[in-house]
Amino acid sequence: VCIVVGAWLFISRPLQLMPIAERNQFAVEIFLPAGTSVERTTEVADSLERILSKDPRVVSIASFHGCSSPRFQATYAPQVGGPDFAQFIVNTKSNAATIDVLNEYTEKYESFFPDAFVRFKQLSYSTASYPIQIKIKGEDPASLQAFADSIADIARHVPGLRNVRTSLGNPLASAMVIPDKTRAERLGLNSTLMETSLAMRYSSGVPVATVWEGDYGIPVTLKTNTSRLGNISDLENEPMPVIGLGTVPLRQISSVVPEWHPGMLNHYNGLPTVSVMAEVQRNINVIDRTEALMDSIAHLTIPSGVTVERGGEWENTMDTLPEILEGLAMAVAIIFFILLFHYAQADTSALLLCSLLLCIPGAAFGLIVQNTALSLTCVLGIVSLMGILVRNAIVLLDYAEELRNQGQTVHDAVLNASKRRMRPIFLTSAAATMGVLPMVTGSSALWKPMGVVIFWGTPITMIFILTVIPVAYSIMKSHQKGADKPLPEPLETHLM
C-alpha cells in the first residue's frame with residue numbers, strides 16, 4: 001500500500017525536467033513586425049538599453065541589432081537575426097539581482113513599445129526556444145491561420161499564460177501581378193523577363209556575385225534606387241522593356257491586385273507550419289499549463305489535412321525523459337547483478353531488487369513537503385537512495401546469514417540481525433541525511449531536488465529496511481525446505 005500510494009503521489013508531482021540556470025545573466029529579445037527597417041529596430045533597442053543601463057543592479061549590456069548573439073550557453077539557441085530583430089545579453093551583480101530585475105521589468109516593458117514585442121528570457125538548462133508552443137501543420141496556409149487564431153483566442157483565457165501570439169506575425173501588404181499571357185506574348189514578353197525586371201526594381205535585387213573580404217562574403221545585387229519604395233500606382237505604370245518597341249506600362253500587359261499575406265510562414269519537414277506560442281508567468285509550471293491549454297482546445301474540430309503537435313518545453317521534456325528512464329533501468333540492472341554475484345542466490349537478490357521500490361514513498365513525501373517539482377536531479381537522488389537502501393540491506397542480511405551459519409533458525413537469525421544492525425543502519429542513514437542538508441536549505445534549482453529526495457527518503461527508507469525486509473526475508477526463507485533448521489556448518493569446519 002505504501003509503494004502504491006507513494007508512486008501515485010510521485011507521478012502526481014509537477015514535472016520540470018530541466019531547471020533554470022543560476023547565472024547573473026539574462027537575455028532580452030526584441031521582435032518587430034516583418035519588414036521593419038533596422039533603423040527603427042535600433043531606436044527601440046537603444047531606448048530599452050538606456051532604461052536597463054540606469055538600473056544599479058545591471059553591470060553591463062551587450063547589444064546586437066539586426067543579428068543575434070553568439071552562443072554563449074550550450075542550451076540557449078539564439079534567434080534567427082534580421083532587420084526586425086535585436087537582442088541583449090544583460091549581466092547583473094548576482095543571481096538574486098537577475099531574479100529581481102526580471103520580476104520588475106518583464107510585465108512592465110514586454111509590451112511597452114507599441115510596435116515591438118520584448119521578451120525577457122531567464123536562462124535555463126532546457127533547449128526549448130519557447131515555454132509553450134503548439135505546432136499546426138498542413139498544406140493550406142489559410143486553414144492553418146484560421147485554426148491558429150482559434151487556438152490563440154482560447155489560450156489568452158488560460159490562467160498562467162501571457163503574451164499569446166502566432167508565428168505568422170503581422171500581415172504584410174503586397175501586390176499580386178497577374179500577367180495577360182496573350183498580350184505579353186504579342187510583345188515578346190514572358191513571365192521570366194517580367195519577374196526579372198520587377199525583381200530589380202521592387203525587391204532586394206537580383207544576386208549577381210559575391211565579393212570576399214577575408215573569410216566573409218559580401219553579396220552583390222543588381223537593383224534600382226526605388227527597390228524598397230513604391231505603391232500600386234507606381235507598379236502599374238512601371239515601364240517594361242520590349243525589344244524593338246521601347247517600353248510599355250505594366251498595366252497594359254497585366255493586372256495588379258493588392259492583397260495581404262502573413263509576415264512569416266515557417267516550414268517543418270517541408271510542411272507549412274504555424275506555431276501558437278505563449279509565455280508563462282513566473283513560478284508557474286510549464287508542463288501543467290501546456291496540459292491545461294490542450295484540455296481547453298480539445299473541443300475544437302481540427303480541419304481536414306491539419307495536424308496539431310505540442311512543442312516547446314513539453315516536446316523537449318518528452319524527448320529527454322525516455323533517455324533518463326533508460327539510465328535508471330540500467331542502474332537497477334547493475335545493482336541486481338552485483339547482488340547476484342555477492343549472494344549467489346537468485347531469491348535473495350530478487351528480494352533486494354524488489355525492495356528498491358521502497359525508495360518511492362520517502363522520495364514522494366519529501367517532494368510534497370518541500371513543494372518541489374520532478375526534475376533530472378530527482379532521478380539522480382533516487383539512484384543515490386537506492387544505493388543507500390541496498391547498502392543497509394546488505395549489512396542486515398549478511399549478518400542474518402552469518403547467524404544462520406552459527407546454528408540459528410531463520411526467524412531467530414533475522415530478528416537478532418535486525419536488533420544488532422539497527423544502530424549502524426541508523427548511523428549511516430543519519431550521516432547521509434545530514435550530508436545533504438546544505439542542498440536542501442539552499443536555493444539551488446539544480447541541486448535542491450536531489451537533496452530533498454535523499455534527505456526525506458533516507459530516514460523513511462531506513463524504517464522499511466528494519467521492518468519490511470526482515471519480514472519478507474523470513475517469509476521467503478521459511479518456505480524453503482529445512483528452513484526451520486540451522487544451516488550446515490561450512491566445509492572448512494568439517495576439514496578442521
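This is a quick briefing on the confidence, cores, cysteines and salt bridges of the structure above. It's a predicted model, so local features need pLDDT of at least 70 and side-chain atom pairs count only at pLDDT 80 or more, while totals for chains, interfaces and linings use all residues. Residues are numbered from 1 along each chain as its sequence is written, and side-chain values use heavy atoms, with hydrogens and water left out.

**Confidence**

- The protein chain has a mean pLDDT of 84 (pLDDT being the predictor's confidence in each residue, from 0 to 100), and 96% of its residues reach 70 or more.
- Residues 490–496 are a weak spot on that scale: pLDDT stays under 50 there. For this stretch the model has one contact (heavy atoms within 4.5 Å) beyond four places in sequence.

**Nonpolar cores**

- A nonpolar core here is a set of buried Ala, Val, Leu, Ile, Met, Phe, Trp, Tyr and Cys residues joined through side-chain atoms within 4.5 Å. Buried means under 20% relative accessible area, exposed means over 50%, and partly exposed is in between (1.4 Å probe, protein chains only).
- The largest nonpolar core has 45 residues, of which Phe10, Leu367, Leu389, Leu397, Val453, Ile469 and Tyr473 touch the most other members.
- Two or more residues of this core come from each of α9 (312–343), α10 (346–354), α11 (359–369), α12 (376–405), α13 (410–435) and α15 (448–478). Elements are DSSP runs numbered from the N terminus: helices are H or I with at least four residues, strands are E with at least two.
- The top contributor to this core is α12, with twelve residues.
- Looking past neighbours within four places in sequence, Leu389 is in contact with Ser355, Leu356, Leu358, Cys359, Thr461 and Ile465.
- Another core lies apart from that one; its 24 residues include Ala148, Ile154, Val276 and Ile297.

**Cysteines**

- There are zero disulfides in the structure (a disulfide being a pair of cysteine sulfur atoms within 2.5 Å).
- For Cys354, the closest cysteine sulfur is in Cys359, and at 13 Å that is too far for a bond.
- Cys359 counts as buried because its relative accessibility is 1%.

**Salt bridges**

- The count comes to 15 salt bridges, taking a salt bridge as a side-chain nitrogen of Lys or Arg within 4 Å of a carboxyl oxygen of Asp or Glu.
- Glu29 pairs with Arg119 in a salt bridge whose closest N and O atoms are 3.2 Å apart. This one links distant parts of the chain, with Glu29 in strand β1 (residues 25–31) and Arg119 in strand β4 (residues 117–122), 90 residues apart.
- Both Glu29 and Arg119 are buried, and they're linked with Arg165 and Glu279 in a network of salt bridges.
- Glu43 and Arg40 form a salt bridge with their closest N and O atoms 3.1 Å apart. Both sit in helix α2 (residues 38–53), three residues apart, or about one turn of the helix.
- On accessibility, Glu43 is partly exposed at 46%, and Arg40 is partly exposed at 28%.
- Glu104 and Arg57 meet through their side chains in a salt bridge of 2.5 Å, N to O. Glu104 is in helix α3 (residues 95–109) and Arg57 is in the loop between α2 and β2 (58–65), so this pair ties together parts that are 47 residues apart in sequence.
- Glu104 is partly exposed, with a relative accessible area of 40%, and Arg57 is partly exposed at 22% relative accessibility.
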